[in-house]
Amino acid sequence: MSIVYALIGTLVFAVLGPVIGCLLAGLDRKITARMQGRVGPPLLQPYYDVRKLFGKERVSVNTTESAYVVAALVFALLAGGIFFSGGNLLMCVFVITLSSLFFIVAAYSSCSPYSEIGAHRETLQVMSYEPMIVLMTVVFYQASGSFDVSNLFNISIPIIGCTWLAFFGLLFVLTIKLRKSPFDLSMSHHAHQEIVRGMTTEMSGPTLAKIEIMHWCETVLFLGWIGMFFIWLNPLSLVLAIIVAVLVYFLEIWIDNNFARTKWQVMLGSAWFIALVCGGLNVIVLMFV
């Protein structure tokens, strides 16, 4: 039955995930503009952009690039379906990582020096945040007694009380996973930071539209990871989880607009340090609690 629930969750997430992610992306642009003293585009501007991309001619440097991007999008949807259907968190992490790897291979397949540099940087980003994400799943298992997200609705208190160190570590690497400054090394969404756009330099039309939709789904999934720390058997905890997730997204927007891009050495070193201190220490503490 878990496979059935995962498939149903994937179908539901395939519909609601892009919608919610699109609204969050529009809100990001709107808040960013206000921080910079501008009016900003309409809230639905990301949707208008993607619709326009789907209407463009399909142009690709090779026949495999689009297939890799489709695979990355499918695995992102599957990861969201597994998580929001209450499935295995560890499996969700593995699937979303597989989505990132397909995206990296898509960038490499274009044989463009700019795309390859972006792919190198994306690989470094995966190497940076993955240790903390894996430790987060271990801490989740220790605190809830299971890798299943649905088990959160059976506990009497939220797990944030004994996992706040891992939560802080997740907050730190979330900036890397969302590709926001100061860790937007592989694919900047700010036009003034790069002449070319990293991994997606050679991508256009429907392929680029699928990447945008994938990014929307990733945003919703990662904010879901934030919210799960505040869920327990009380149904109203879902409201608290959503409020915390929205506040964290506002924090990410503020960080994105107030910090300059850093070097990959700083990103890698700081992410591993946070994983060792926050994730590792939290695992050790829960072993003796």
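Tutor: A quick definition before we start: Ala, Val, Leu, Ile, Met, Phe, Trp, Tyr, Cys and Pro count as nonpolar, Asp, Glu, Lys and Arg as charged, and the others, Gly among them, as polar. Keep in mind, too, that this model is predicted.

Student: Thanks! How do the residues of the lining of the second largest pocket divide into nonpolar, polar and charged?

Tutor: That pocket has a volume of about 730 Å³. Of its 27 lining residues, the closest to the centre are I20, F84, V220, G224 and I242. Over the lining, the split is 21 nonpolar, 6 polar and no charged.

Student: Which helix gives the most to the lining of the second largest pocket?

Tutor: Happy to go through the candidates: α1 (2–35), α3 (65–84), α7 (205–227) and α8 (237–258) each supply at least two residues of this lining. The top contributor, with 8 residues, is α1.

Student: And which element gives the most to the lining of the largest cavity?

Tutor: The largest cavity holds about 60 Å³ of space. Its lining consists of S100, E122, Q125, Y129, I176, K177, R179, E218 and F222. Two or more of these come from each of α5, α6 (160–177) and α7. With 3 residues, the leading element is α5.

Student: Are α4 and α5 roughly parallel or antiparallel to each other?

Tutor: Helix α4 (residues 89–109) and helix α5 (residues 113–144) pack with their axes 10 Å apart, at an angle of about 175 degrees. Angles over 145 degrees count as roughly antiparallel. The two helices, α4 and α5, are therefore roughly antiparallel.

Terms used. Residues numbered from 1 in each chain as written. Predicted model: local features only at pLDDT ≥ 70, side-chain atom pairs only at ≥ 80, totals over all residues. Heavy atoms only, no water. Axes fitted to C-alpha atoms, helices over the stretch in contact; angles between N-to-C directions. Helix = DSSP H or I, 4+ residues; strand = E, 2+ residues; numbered from the N terminus. Parallel < 35°, antiparallel > 145°, perpendicular 65-115°, else oblique. 1 Å grid on protein atoms, 1.4 Å probe; cavity = no way out; pocket = protein on both sides within 12 Å on 5 of 7 lines; lining within 4 Å. Points joined across faces, edges and corners; volume = space filled by probe spheres on them.
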